[in-house]
Amino acid sequence: MAEFDIGQRCQIECCKQQDFLPFVCDSCSGVFCLEHRSRDSHFCPEVSRKRDVLDSGVSTSYPCTLQDCNGRELLPVICQHCQKHFCFVHRHQEDHKCEKLETPQPRMVATQELVQKIVESKKNAPTSKGRKGAKNSATAAKVALMKLKLHATGDKGLPQTERTYFQVFLPKDLNTSSLPMFFSSKWTVGKVVDVAAAQASLKNNNNVLTAKKLRLCHPETGEAIKMDACLQLLLSLSDSPLCNGGNVILEYLDNESSGVEDVTAYISSS
């Protein structure tokens, strides 16, 4: 009987264990098994590099400007809103209580305005064929969510009640078109992007001002979602294009771009 080549093998030379759901290190982007997933167990080179810098006494790291935080990073992690340096843990606006952070009410109003535009653009679309069509649509959504739950990857420590499942369509120039993933509904869109990039082993230069940024985009309009928007809020809005078990697009965008132009190029290629 032919063997199935499923998953990936651990990069540790003395291990090479094949894991159906391998772990990707968020520091060195290496692939490891359960036993070697921690940085210490696979002797992560990024951790060693940081230790060497500290031992040498050469101050080439960037301190976190948040009060009472002693975190430092080898590369600058700059908030695009307040232009201050922070460590990786406090890089999001909510985590360092950014002085430029918008209040929840304006964010909610802006999101509702976007949803209203989408609803108005569909007024001339053909209506569904009665209650039977609505039932079929609801059943299809439940089936899609069940399939995602069987194969989706994510943080196993997340409570089941917080998990939100998406079929994540990856940048067009990759060999893999999409991957099933789950995230916490309490996360911001920015954190969802970071976690999705780590799971898909994508290069993430969102902390580099001049680089293209990974953005999460609506599956119907292609418009980039605000990085500081709360996932739970987006899912709770009526007629929202985001739904548990639905699709999202992850793409590299220029700083001036407002979203992807051809949504069908992602969905139809799956």
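## A four-stranded sheet and its surroundings

Leu214 stands opposite Tyr252 in strand E10, and this pair of residues is a convenient place to enter the structure, which is a predicted model. Strand E9 and strand E10, the latter covering residues 246-253, pair in the antiparallel sense over five bridges. In general, the strands of a sheet pair through backbone hydrogen bonds, and they may do so either parallel or antiparallel.

### The sheet

E9 and E10 belong to an open sheet of four strands, arranged in the order E8-E7-E10-E9, in which the pairing is mixed. Strand E8 (178-184) and strand E9 (213-217) stand at the edges with a single partner strand each, so one side of each has no neighbour in the sheet. From one strand to the next, the twist averages 35 degrees.

At the E8 edge, strand E7 (residues 163-169) is joined to E8 by seven bridges, and these two strands run antiparallel. Within this pairing, Thr164 stands opposite Phe183 in E8. Is E8, as an edge strand, mostly covered or mostly open? It is mostly covered, since six of its seven residues are buried by the criterion of under 20% relative accessible area.

Ser178 is a residue of strand E8, and it is buried, with a relative accessible area of 15%. Apart from its neighbours within four places in sequence, Ser178 is in contact with Gln167, Val168, Phe169 and Leu170. The C-alpha atom of Ser178 is also separated by 9.0 Å from that of Ile267, although the two residues are 89 residues apart along the chain.

### The helix on the sheet

Returning to the sheet as a whole, which has the strand order E8-E7-E10-E9, its twist averages 35 degrees from one strand to the next. Helix H4 (residues 189-199) packs on this sheet and touches E8, E9 and E10, and the direction of H4 makes about 135 degrees with that of E8. The buried residues of H4 are Val189, Gly190, Val192, Val193, Asp194, Ala196 and Ala197. In an α-helix there are 3.6 residues a turn, so residues three or four places apart point the same way. What do the buried residues of H4 pack against? They pack against E8, E9 and E10, and also against helix H5 (231-236).

### Residues with positive phi

Most residues other than glycine have a negative phi. Against that background, Ser201, just after H4, takes a positive phi of about 55 degrees. Ser29, which is placed in the loop between E3 and strand E4 (31-32), has a phi near 65 degrees, again a positive value in a residue other than glycine. Gln83 is not a glycine either, yet has a positive phi of about 60 degrees, and Gln83 lies in the loop between strand E6 (72-73) and helix H2 (104-121). Ser29 is partly exposed at 47% relative accessibility, and Gln83 is likewise partly exposed, with a relative accessible area of 45%.

### Charged pairs and a nonpolar patch

Side chains of opposite charge can pair when their charged atoms come close. The model has six salt bridges by the rule applied, and the table gives some of them.

| Salt bridge | Closest N to O distance |
|---|---|
| Lys16 and Glu13 | 3.9 Å |
| Lys84 and Glu99 | 3.5 Å |
| Lys212 and Asp254 | 4.0 Å |

The pair of Lys212 and Asp254 meets in a salt bridge. This pair links distant parts of the chain, with Lys212 in the loop between H4 and E9 and Asp254 in the loop between E10 and helix H6 (264-267), 42 residues apart. Lys212 is partly exposed, with a relative accessible area of 48%, and Asp254 is partly exposed at 41%.

For the other two rows, Lys84 is partly exposed at 37% relative accessibility, whereas Glu99 is exposed, with a relative accessible area of 56%. Lys16 is partly exposed at 36%, while Glu13 counts as exposed at 65%.

Elsewhere on the surface, Ile6, Phe20 and Leu21 make a nonpolar patch of about 280 Å². Leu21 lies in the loop between strand E2 (18-19) and strand E3 (23-24), and Leu21 counts as partly exposed at 33% relative accessibility.

Terms used:
Residues numbered from 1 in each chain as written. Predicted model: local features only at pLDDT ≥ 70, side-chain atom pairs only at ≥ 80, totals over all residues. Heavy atoms only, no water. Pairing = 2+ DSSP bridges. Axes fitted to C-alpha atoms, helices over the stretch in contact; angles between N-to-C directions. Contact = heavy atoms within 4.5 Å. Patch = residues over 30% accessible without salt bridge, like charges linked within 9 Å, V, L, I, M, F, W, Y side chains within 5 Å. Areas by Shrake-Rupley, 256 points an atom, 1.4 Å probe, with all protein chains shown as cover. Salt bridge = Lys/Arg side-chain N within 4 Å of Asp/Glu carboxyl O. Buried < 20%, exposed > 50% of the residue type's maximum accessible area, 1.4 Å probe, protein only.
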